[in-house]
Amino acid sequence: MTMLWLFAMPDFLSHPEVLISLLILLLALCSVIAVFIALLRSAKREQEALKHSNSLLIIDETTDLLNERSFEIVVQNRLRHHSKRKWFLLDFDINHFESINTLYGFQRGDAILQAIAAHLRRERDQSGECFARVYADHFICLLTGDTLSGVKRRVLAMDEKLRNLTVHPGLQFSYGLYPIKDVNQPVTQLCDYALSAKRLVKGNCMNPLGIYDADFHQLQLERFELTAAMEPALNAGEFLVCYQPKYDIATETMIGAEALVRWQRKDGTVIVPDSFIALFEQNGLITKLDFYILETVCRFLRSVLDQKKEPVPVSVNFSRNHLYEADFTKRLLDMLQTYEIPPHLIEIELTESAFVNCKDHLLHVMDELHDNGLLISIDDFGSGYSSLNMLKEMPFDIVKLDRGFLHSSDRDYVVIETILNMTRRLQLKTVAEGVETKEQLAFLRKHGCDVAQGYLFSQPLSQPEFSQQLISARKPAECS
Ligand code: C2E
Ligand code: MG
Ligand code: MG
């Protein structure tokens, strides 16, 4: 070989361009080999890094699933390396798990969590899915599937099995599912989306699975906006009070009114309470709002009294959140005193759900209100899980029948008749809400209902319109 080179040398010397080409070729070959070696080294380094991070993964001791931090690392990796696949983030927990721990002990609680984990491990397919327990009964899962509807079906089938765990059958779960759009988003954010979808359905047995889709995203944005806008809106006087008159069914004269809040935004749009009351109940702003409404009503009644006119009692809605405030009664009475409003002119409306828990505390609050001359009504009676026992156990003065009764089937009319029979015998005053037709009014009159409130008599009126009604003969404005 060397000989060959020696013989060829003179030939190269006579043709230097061949030598240069050969050198260039050699250099190129060396570069390719160098790049190849560098690539191999980097792949090895990455593999080692992954191995290292896997060895750092912390496994939850109770369930042998990943913990939250490890889940984040694994999910980030899976999403990055399989970005073409369709991924879904599922968040779920058990409804009232804390009661299970309290009632049956932590051992039972742990056994349930372990049975769930075992089920999740069986669920796992081979395409990179993973599961973690965040804390207590809170689980998160990375799932994959071709379509959202397919994954929904799979989650509901899983729910069916989890509800029938041998260790504790009859559990109920809430789920939130987020179809991942952008694999580069932080995993914590993806988990937040699934969590807020779950919150939407929390405790709803009829629909245990919430989906974070475009509509939901929009809804969330609006909720955030409303929440942020509430306090400035209160200061800017954007919350208005409407008054819906109540009529004595026997005489058809106005004997009272209900104060109903409206939120008039700066752009003139009016938002009805069903869109924000629940939101404000969640973030605690409701107590501020309710007292603002009470103050507006007191100011109005004071102006009527100052004009030597005779106002009718006005009922004000109070959220159940108030009942947990130590100084609720005092604040309320202070307000009446500030505006010198006789207590019989204010009636407190509490929704039926307020009466379900904390019975003793509620009885105490009701006694205080009664001792100070205020009347209490139970709003939307029949809409929730109220037991009829409440009718005899709680000393409220007025029952407001939920308006849903008048707009449903014949069977509902049988129920109204029975409730009216009962309230009459218990000597409670009954108000029917949502009265829209003469037929409904005739039915209520026939069965001894005392008071009617509804569009048949009047829509909720603005304060000036209601003032006008007070001056007139207190007969319905239009009842044809
Ligand atoms: P609610 O206290 O049961 O008030 C009665 C609701 O029925 C009002 O809805 C009223 O406009 C509506 N209504 C009256 N007559 C009829 C009728 O003939 N047909 C139909 N379909 N509906 C009728 P609105 O004003 O939208 O209030 C909804 C709920 O929001 C209220 O139900 C009450 O629970 C809550 N709310 C209103 N104002 C306040 C407030 O100041 N504080 C609190 N905490 N809740 C409030
Ligand atoms: Mg009401
Ligand atoms: Mg009502």
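**Helix packing and a pair of magnesium sites**

Helix α8 passes helix α10 in a left-handed crossing. The model is predicted. The two helices, α8 (residues 214-235) and α10, pack at about 25 degrees, and their axes lie 11 Å apart. Angles under 35 degrees count as roughly parallel. That is why α8 and α10 are called roughly parallel to each other.

Which residues of α8 and α10 make the contact? From α8 come Met 230, Glu 231 and Leu 234. From α10 come Lys 288, Leu 289 and Tyr 292. By class, the contact of α8 with α10 holds 4 nonpolar and 2 charged residues, and no polar ones.

Helix α10 (residues 286-306) also packs against helix α16 (residues 463-471). Their axes come within 12 Å and cross at roughly 40 degrees. That angle makes α10 oblique to α16. The crossing of α10 past α16 is right-handed. On the α10 side, the contact uses Thr 296, Phe 300 and Val 304. On the α16 side, Gln 463, Phe 466, Ser 467 and Leu 470 meet them. The contact of α10 with α16 has 4 nonpolar and 3 polar residues, with no charged ones.

Now the metals. The magnesium ion (ligand 2) is coordinated by Glu 258 (OE), Asn 317 (OD1), Glu 349 (OE) and Asp 379 (OD). The distances run from 2.1 to 2.3 Å. Along the chain, the donor residues of ligand 2 are spaced E-x58-N-x31-E-x29-D. One pair of these donors links distant parts of the chain: Asn 317 sits in strand β9 (residues 314-318) and Asp 379 in strand β11, 62 residues apart. Are these two buried or partly exposed? Asn 317 is partly exposed, because its relative accessible area is 24%. Asp 379 counts as buried, because its relative accessibility is 5%. The cut-off for buried is under 20%.

The magnesium ion (ligand 3) has its own donors: Asp 379 (OD), Asp 380 (OD) and Glu 433, which appears with OE twice. Here too the distances are 2.1 to 2.3 Å. The donor spacing for ligand 3 is D-D-x52-E. Asp 379 lies in strand β11 (residues 375-381) and Glu 433 in strand β13 (residues 429-433), so this pair ties together parts that are 54 residues apart in sequence. Both Asp 379 and Glu 433 are buried.

What connects the two sites? The magnesium ions, ligand 2 and ligand 3, are 3.9 Å apart, and Asp 379 coordinates both.

Key. Residues are numbered from 1 along each chain as its sequence is written. Chains are lettered from A and ligands numbered from 1 in the order in which they are written. This is a predicted model: local features need pLDDT of at least 70, side-chain atom pairs count only at pLDDT 80 or more; totals for chains, interfaces and linings use all residues. Side-chain values use heavy atoms; hydrogens and water are left out. Donors are N, O and S atoms within 2.8 Å of the metal (3.2 Å for Na, K and Ca); water is not among the atoms, so sites may look incomplete. Helices (H or I, at least four residues) and strands (E, at least two) are DSSP runs, numbered from the N terminus. Buried means under 20% relative accessible area, exposed over 50%, partly exposed in between (1.4 Å probe, protein chains only). Axes are lines fitted to C-alpha atoms, for helices over the stretch in contact, and angles run from 0 to 180 degrees between N-to-C directions. Angles under 35 degrees count as roughly parallel, over 145 as roughly antiparallel, 65 to 115 as roughly perpendicular and the rest as oblique. A crossing is left-handed if the near helix is turned anticlockwise from the far one by less than a right angle, and right-handed if clockwise. Contact means heavy atoms within 4.5 Å. Ala, Val, Leu, Ile, Met, Phe, Trp, Tyr, Cys and Pro count as nonpolar, Asp, Glu, Lys and Arg as charged, and the others, Gly among them, as polar.
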